[in-house]
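Me: I would like a close look at a single part of this model, taken slowly and with the terms spelled out.

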Amino acid sequence: MNNGAIIEIKHLTKKFKNSPEDAVKDISFTVGQNEIYGLLGPNGAGKTTTLSVLCGLFPPTSGSVLIDGKNIQKDPADIRKIVGIVPQDIALYSSLTAKENLDFYGHMYGLKGKDLKNKIAFWLEKLDLTDAANRQVCNFSGGMKRRVNLIAGILHQPKILFLDEPTVGVDVQSRSVIIGHLKDLNKAGTTIIYTSHLMEEAENFCTYVSIIDHGKILAGDSPAALISSFKGSGNLEDVFLQLTDTKPRD
Amino acid sequence: MISKLAASVRKEYLLLVRDRMGLSILFLMPMVLIFVMTLIQDSAFKTLNEKGIPVVFVNNDKDSLGFLIEKGLRNNDLCSYSDSIHGRPATAETARQAVAEGRFLIGIIIPEGATAAVRKNVNKLIRETIDIDAQSMKYDSSGSDSAEIDILIDPVAKKSFVTAITSSLREFISETKTKIMFGTFSRQIAEIIPDKAREPKNAFTESQIIKYREIYASKTAKMIVPNAVQHNVPAWTIFAMFFIAIPITGSIVKEKSEGSVFRLRTMPSSYLILTGGKLIVYLGVCLVQFLLMISVGLYFLPMLGLPSLVLGSSFWGIGILTLATALAATGYGVLVGTLATTEQQGAIMGSLSILLLSALGGIWVPTYVMPESMRAISVFSPMNWSLDGYYKLFLRGSNAMAILADAMKLVAFSIATMAISSFTNRIKRKV
């Protein structure tokens with residue numbers, strides 16, 4: 001393991017049984033401790049597949065994944081304790097209240113009693129959801145659901161946090177609140193691996209960015225370094241379009 | 001571990017109580033089914049038992065045999081006796097037509113001289129046996145010594161039913177004929193041997209050496225009569241318990257489609273804890289369903305004039321069998337939920353398979369009225385194992401030991417379904 005790297009991926013390939021092509025093709029990268037690592041790419045580029053392998057949802061077809069020095073296939077139980085996931089879909093029970101959802105997920109992460117209660121109250125307060133705590137999630141706006149979805153993934157103060165498009169479909173205000181708290185979380189020591197289509201958000205949020213397309217990493221560096229290394233690029237979106245072309249994706 | 005399981009149970013409980021439609025399916029639907037099916041089947045029994053089988057009787061004999069059969073039919077609760085059609089006395093021809101048209105299920109025509117033929121037969125028998133001069137007896141040698149009684153049958157009546165009815169009729173007619181023969185026989189003997197004091201007052205009754213007693217081979221002293229309540233209450237309770245496969249499937253598929261499974265799979269919690277929460281809640285639901293359905297049989301059906309459910313004497317047996325049935329039902333629900341990929345698919349797969357298993361298991365129609373081939377298949381339905389167990393407890397008055405084999409089959413079924421579900425989940429993750 002490299003010095004300071006909390007995630008180390010070597011020659012990772014993932015091929016799904018019913019798919020003729022590899023979803024991820026021989027990619028290697030490391031994520032440093034306390035980094036906000038952005039994995040950016042168009043639809044079908046392989047971002048969610050990479051994230052799913054890192055979370056231990058699917059086994060890799062080949063290659064190795066080390067998280068905090070542990071092999072994802074050999075020690076999945078140990079890894080699950082230190083990671084948090086905020087999926088792209090709102091992974092909440094719509095007929096339960098925000099509090100009930102967080103109570104359930106908190107218990108599943110091994111939290112209980114007063115500690116869990118305090119953490120739920122703290123995060124609901126922080127993300128401006130205290131008044132809505134006892135309302136069923138099905139009655140929430142998109143932004144409120146996203147915020148509860150985020151809390152469910154960070155309640156146990158994970159060492160590593162995987163975020164799959166955490167702000168998709170939410171208003172500017174909610175996005176600003178979410179990103180602000182994610183930055184606070186990072187400052188407190190959580191390493192973040194983040195995927196998004198929102199280049200401006202990634203440019204301001206990430207400390208390191210990899211651009212992935214067709215299952216391969218095309219470029220990787222800090223947003224500022226990437227922008228300066230591509231001629232005629234004024235922002236991360238320009239770099240992204242130069243690397244992935246302008247043709248719409250399915 | 002315990003706190004995770006408790007959280008899983010609490011979550012499942014909250015999801016269930018907030019799904020009002022699901023709850024109504026679980027509790028109201030089977031209660032309605034018990035009421036409707038029991039009333040339908042009970043009224044069918046009553047049509048036969050209270051009003052009786054419509055029988056048209058034509059008595060051309062006008063003598064002892066005809067009168068005795070007529071008297072017997074009139075006094076028989078199984079028969080709805082009639083000797084007229086459209087207000088006119090029935091004749092052989094009109095009776096045949098009425099039965100053919102389905103106005104009567106059975107028609108009986110006693111020919112003219114039937115009694116005389118029986119008597120002549122007896123006289124002939126005595127003469128041949130004792131070898132006395134025919135002149136010394138009051139003997140009419142004219143006329144036939146045999147009679148042909150016609151039993152008309154509605155052509156659309158079910159064969160097994162007709163066989164049962166005509167057998168009873170034949171037995172009754174034969175008994176009446178024997179009665180006349182004995183009477184004639186004892187009178188003739190008394191005439192030949194003029195010691196009248198020796199003539200028995202009721203030769204037929206004294207001749208009944210072999211008598212029959214019908215006893216239900218139940219292990220309880222009390223006779224438990226199989227009826228619509230004794231079948232329908234346990235049958236629809238089992239059906240209701242297995243019907244929880246639909247909400248379990250809905251719950252599992254919804255977790256998949258809403259993304260909760262995605263999150264749960266990345267958490268430090270085992271499959272056993274997540275499924276355990278469902279199992280415990282739905283086991284509880286099954287037990288509540290059982291108590292409700294049994295209460296319907298014990299208290300509500302009698303209010304509608306139906307017989308009360310008889311539970312037998314083994315409460316241990318009932319407890320073990322109910323728990324085993326609940327385990328089998330929840331296991332089956334988890335399996336369907338695991339195999340289904342959408343809620344619609346789960347609902348169709350669940351409801352159709354339960355209907356099929358219930359039909360095969362004897363829920364709709366008891367297995368003993370099924371053809372042999374279907375009875376052979378029915379032993380593969382877990383609902384049949386359960387129903388068979390309840391029959392043993394409720395009807396045969398058996399103890400807990402008698403249903404252990406059924407309970408073990410149900411528990412084995414539950415373990416198998418859970419194992420297949422777990423295996424399927426692992427396979428699905430290895431994409």
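What is the sign of phi at the residue that follows α13(B), and how does that helix sit among its neighbours?

Reply: This is a predicted model, in which local features need pLDDT of at least 70 and side-chain atom pairs count only at pLDDT 80 or more, while totals for chains, interfaces and linings use all residues. Residues are numbered from 1 along each chain as its sequence is written, and chains are lettered from A and ligands numbered from 1 in the order in which they are written.

The residue after α13(B) is B:Gly362, and its phi is positive, near 90°. The helix itself (helices being DSSP runs of H or I, at least four residues, numbered from the N terminus) covers residues 343-361 of chain B, and its 19 residues reach 26 Å from first C-alpha to last, close to the 27 Å expected at 1.5 Å a residue, the expected span being 1.5 Å times one less than the number of residues.

Among its residues, B:Gly346, B:Gly350, B:Ile354, B:Leu357, B:Ser358, B:Leu360 and B:Gly361 are buried, that is, 20 or more other C-beta atoms, placed from the backbone, lie within 10 Å of their own, whereas 12 or fewer makes a residue exposed and counts in between partly exposed. Viewed down the axis, these buried residues fall within an arc of 160°, so they line one face of the helix; the arc is taken from the directions from the helix axis to the C-beta atoms. On the other side, B:Gln344, B:Leu352 and B:Leu356 are exposed.

The cover over the buried residues includes α8 (228-243), α9 (245-257), α12, α14 (372-378) and α15 (382-394) of chain B. B:Ala245 touches B:Gly350 and B:Ile354, among others, contact meaning C-beta atoms, placed from the backbone, within 7 Å.

Terms used
Contact = placed C-beta atoms within 7 Å. Helix = DSSP H or I, 4+ residues; strand = E, 2+ residues; numbered from the N terminus. Lists of a residue's contacts leave out its neighbours within four places in sequence.
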